[in-house]
Amino acid sequence: MTAPAASLPQSAAEGTPSRTAAIVVRRVWTSYAFRRVLQSVFVIWLVSTITFLLMHFMPGDPIEIMAGRLNSAGMSHDQAMATAANLVNYDPDASVWGQYLEFLKGLVTLDFGNSLTNPSKTVFEHVMEYLPWTLFSVGAGVVFAVVIGVSAGMAMAYRRGSAFDHSMTSLGSFLTGVPNYILIAAVVVIGYTVLGILPFLDMRGRITAGVEPGFDPVFLGDAVFHAILPIIAFAFTATGSFMLNMKAATTEVLTEDYVTVARARGLKPGRISRGYVGRNALLPVVPQIALQMGMLVGGSIVIEQILDYPGVGQMLMSAISDRDYPVVQAAVIILATSVVVASLIVDLVLVKIDPRIKSEGQDA
């Protein structure tokens, strides 16, 4: 009887480099950040696909619309059709599947064709002229809402049952319940028409005529001056929501055993408020930031129309009225992508604050 062959060590049999690579791939694949990135990419793809289908089945052919404008400008019909097809980056004779593949290719390369109302610029360039202004006003509004709402919410929780608590709770409920466009319209009517202290006519637009764009105090100050009303409008609803949520979260944390133990140890109230109460009360509030960003970006259409602030919301309304389908399609996708990316960043920051979210996601 022959002796059995000696078995190789497991690491040698499997191959150390391949096993190491497999471990790295498995860790990346199961990591919370990677899965959140995949989810974000899927959401962007889904929104883009739905937008493509809606634009495809809407009445009116973008080629014919643009060709009609070129034809009215003196161009022949055949030349106008050929020029429009080249500018819009759209083949009317291609199948829906072929158009969808071209659309996905343009989505990856940020090539959405040219605007029907402004053929000299690409759709992406056209949208990016307006998007930063909306993101600036919305972002500033959310920052102010977080600072004011979180501070007021903690103060309400520490003074619960007092007159301050009752009055601020009523204010937060009012700000949350009443649409922000009604509140800002009331501010404009009272401040400009009734009291005459609000220079509303001077605050319209993005910058004052004659001010040159640049990173200098004159331009930055003028841009903030014109964005004050949109920032206030975006901060209205978000502030009330942050106040109420932070009050509820802080009230719950104050009843936890570790807070009672910290007080029994004789720790200073400021240290307990910052190190024990504030940090843990913020955990359920952080995801709300991304939610508010999405709501406010979507609501920018109404706010920018009321305040005559040329952001992406006002641009989107103009594109819809002009049937500039490429601009509408790109604007919706870029806005959705901005909100999804903001939500992703907030989630990744939340994992750093509370590592339990990462471990719970891996266990699931």
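**View 1. Salt bridges in the predicted model.** The structure holds 2 salt bridges, and it is a predicted model. One of them pairs Arg-36 with Asp-347, and another pairs Lys-247 with Asp-165. The next two views take these pairs in turn.

**View 2. The salt bridge between Arg-36 and Asp-347.** The side chains of these two residues meet with a distance of 2.6 Å from N to O. The pair links distant parts of the chain, since Arg-36 belongs to helix 3 (residues 32–57) and Asp-347 to helix 17, with their positions 311 residues apart in the numbering. Arg-36 has a relative accessibility of 10% and therefore counts as buried, the cut-off for this class being under 20%. Asp-347, at 17% relative accessibility, also counts as buried.

**View 3. The salt bridge between Lys-247 and Asp-165.** Here the closest N and O atoms are 3.0 Å apart. This pair, too, links distant parts of the chain: Lys-247 sits in helix 12 (residues 217–254), Asp-165 sits in helix 9 (residues 163–177), and the two are 82 residues apart. Lys-247 counts as buried because its relative accessibility is 18%, which is under the 20% cut-off. Asp-165 likewise counts as buried, with a relative accessibility of 3%.

**View 4. The second largest pocket and its lining.** This pocket encloses about 200 Å³ of space. The elements that give two or more residues to its lining are helix 15 (286–307) and helix 17 (325–353), and helix 17 gives the most, with 5 residues. The lining residues include Gly-294, Val-297, Gly-298 and Ile-301, together with Leu-316, Val-332, Leu-335, Ala-336, Val-339 and Val-340. Sorted by class, the lining has 8 nonpolar residues and 2 polar residues, while no charged residues take part in it.

**View 5. Spans listed as transmembrane regions in the UniProt record.** The unreviewed UniProt entry lists residues 37–58, 130–157, 178–198, 218–238, 281–307 and 327–350 under "transmembrane region". Two of these spans can be described further from the predicted model. Over residues 130–157 the chain is 96% helix and 0% strand, and the C-alpha atoms at the two ends lie 40 Å apart. For residues 281–307 the helix content is 89% and the strand content 0%, with the end C-alpha atoms 36 Å apart.

How values were computed. Residues numbered from 1 in each chain as written. Predicted model: local features only at pLDDT ≥ 70, side-chain atom pairs only at ≥ 80, totals over all residues. Heavy atoms only, no water. UniProt positions renumbered as here; feature names shortened; annotations may be inferred. Helix = DSSP H or I, 4+ residues; strand = E, 2+ residues; numbered from the N terminus. 1 Å grid on protein atoms, 1.4 Å probe; cavity = no way out; pocket = protein on both sides within 12 Å on 5 of 7 lines; lining within 4 Å. Points joined across faces, edges and corners; volume = space filled by probe spheres on them. Nonpolar A, V, L, I, M, F, W, Y, C, P; charged D, E, K, R; others polar. Salt bridge = Lys/Arg side-chain N within 4 Å of Asp/Glu carboxyl O. Buried < 20%, exposed > 50% of the residue type's maximum accessible area, 1.4 Å probe, protein only.
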